[in-house]
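Here is a structure to read through in short questions and answers. Each answer works from the evidence to a single value or name.

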Amino acid sequence: NYIDDIYKDSKGYIWVATHNGIGRYNGYQFIDYNTQTPSLRLKSNFVHKICEDNSQRLWIGTEEGINIINLNNYQEQTILSRLYPEISTIFHSNIETIYKDKESNLWISAGKDLWCLKLNSQGDIQDYWHLKHEGQSPIHAIIDLKWCICVGIDNQIYQIKRSPHHQLLVSKFSKLIEPFTHDWRILCMETHGDNLWIGTNRGLFRYNHNKQTYQRYRYSSHRPGMLSQAYITDIKITSRGKVIISTLN
């Protein structure tokens with residue numbers, strides 16, 4: 001099946017997000033959940049992202065909204081926020097990504113908007129911030145750089161700050177990072193030391209904050225030592241500091 005995400009939860013199980021629901025792997029077999037599962041019905045079979053909060057609950061981001069699974073009993077859990085009824089739209093929107101930052105806030109790309117949810121120790125929504133995005137495409141890439149949250153919006157990279165009145169404010173992240181093309185899209189980001197790796201639909205880029213350098217990595221389908229394809233789908237850093245790049249090829 002088409003796999004959008006793979007996630008290891010705090011109990012050690014592997015969850016796979018596909019276009020036919022999700023699967024939980026325990027080392028021996030898969031247990032599948034989709035829109036037809038009697039014990040747990042997902043809102044959509046098209047699952048894009050899986051993320052765990054600090055209350056041992058999985059947030060399942062689908063094309064029809066969010067399902068929240070309690071990992072202690074594998075039952076769906078509903079989060080009600082009487083203080084902020086306006087956030088209910090998140091749970092019924094097309095979810096592109098869910099990201100937990102270093103302060104355990106959840107950043108959710110829903111439709112073309114960006115939301116930040118602050119949860120208390122009981123797992124209830126304590127506060128929220130919202131960015132109404134009028135761009136051409138949903139937000140795919142969000143990363144915590146310790147001093148700021150970095151987000152790719154269309155063909156620009158911005159830093160995001162939370163402000164009063166539940167608003168998210170954006171400002172340009174660096175003058176060095178200019179749009180490669182008008183249809184340049186930020187698809188994924190990863191950080192390692194002073195380096196910010198940027199995966200796009202037009203190749204791989206590396207920005208070094210301390211040295212103030214910016215480098216593009218070229219691609220070729222036949223020349224050795226180059227990326228095999230321009231469309232970067234994910235970036236991960238190994239424990240030994242190697243950068244793993246996945247592409248459509």
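Q: Is Leu-106 buried or exposed?
A: This is a predicted model. Leu-106 lies in strand E10. Its relative accessibility is 0%. The cut-off for burial is under 20%, so Leu-106 counts as buried.

Q: Which residue, 54 places from Leu-106 along the chain, has its C-alpha atom 9.4 Å from that of Leu-106?
A: Leu-106 has contacts beyond its sequence neighbours, including Cys-51, Asp-53 and Trp-59. Tyr-99, Lys-100, Trp-115, Cys-116, Leu-117 and Leu-119 are also among them. The C-alpha atom 9.4 Å away, 54 residues apart in the chain, belongs to Glu-52.

Q: How many disulfides does a search of the whole structure find?
A: A disulfide needs two cysteine sulfur atoms within 2.5 Å. The search of the whole structure gives zero. Cys-116 is in no disulfide, and its nearest cysteine sulfur, on Cys-51, is 12 Å away. Cys-148 is in none either, with the sulfur of Cys-150 at 5.8 Å; the disulfide count is zero.

Q: What is the relative accessible area of Cys-116?
A: Burial is set at under 20% relative accessible area. Cys-148 is buried at 8%. Cys-116 is buried too, and its value is 0%.

Q: Which residues of the largest nonpolar core touch the most other members?
A: This core has 19 residues. Strands E7 (65-70), E9 (95-100), E10 (106-110), E11 and E12 each supply at least two of them. Nonpolar side chains tend to be buried together in soluble globular proteins. The residues touching the most other members are Trp-59, Ile-66, Ile-90, Ile-108 and Leu-117.

Q: How many residues are in the second, separate core?
A: The first core holds Ile-108, whose contacts include Trp-59, Ile-66, Ile-90 and Leu-117. The second core is separate and includes Ile-143, Ile-157, Ile-198 and Tyr-207. Its size is 15 residues.

Q: What is the angle between the planes of Trp-115 and Tyr-128?
A: Trp-115 sits in strand E11 (residues 113-119) and Tyr-128 in strand E12 (residues 125-131), 13 residues apart. Both are buried. Their ring centres are 5.9 Å apart, and the pair is tilted, with an angle of 35°.

Q: Which residues form one aromatic cluster with Phe-180?
A: The structure has 11 aromatic pairs. Phe-180 belongs to a single cluster of aromatic residues. Its partners there are Trp-184, Phe-205 and Tyr-214.

Q: Which arginine lies over the face of Trp-129?
A: Two arginines are worth placing here. The charged end of Arg-24 sits over the ring of Tyr-13, 4.2 Å from its centre. At Trp-129, the distance to the ring centre is 4.9 Å, and the residue is Arg-162.

Q: Which residue has its backbone nitrogen 2.9 Å from a polar side-chain atom of Thr-200?
A: Thr-200 lies in strand E18 (residues 195-200) and is buried, at 0% relative accessible area. Beyond four places in sequence, its contacts include Trp-184, Phe-205 and Tyr-231. The backbone nitrogen at 2.9 Å from its side chain belongs to Arg-202.

Q: Is Gln-156 buried or exposed?
A: Gln-156 is placed in strand E15 (residues 156-163). Setting aside residues up to four places away, it touches Val-151, Lys-172, Ile-177, Pro-179 and Ile-186. Its relative accessibility is 17%, so Gln-156 counts as buried.

Terms used:
Residues are numbered from 1 along each chain as its sequence is written. This is a predicted model: local features need pLDDT of at least 70, side-chain atom pairs count only at pLDDT 80 or more; totals for chains, interfaces and linings use all residues. Side-chain values use heavy atoms; hydrogens and water are left out. Buried means under 20% relative accessible area, exposed over 50%, partly exposed in between (1.4 Å probe, protein chains only). Rings of Phe, Tyr and Trp (its six-membered ring) pair if their centres lie within 6.5 Å; planes under 30 degrees apart count as stacked, over 60 as edge-to-face and the rest as tilted. Helices (H or I, at least four residues) and strands (E, at least two) are DSSP runs, numbered from the N terminus. A charge sits over a ring if NZ of Lys or CZ of Arg is within 6 Å of the ring centre and within 35 degrees of the ring normal. Contact means heavy atoms within 4.5 Å. A nonpolar core is a set of buried Ala, Val, Leu, Ile, Met, Phe, Trp, Tyr and Cys residues joined through side-chain atoms within 4.5 Å. A polar contact is a pair of N or O atoms within 3.5 Å; within protein, one must be able to donate a hydrogen and the other to accept it, and residues adjacent in sequence count only if both atoms are side-chain atoms.
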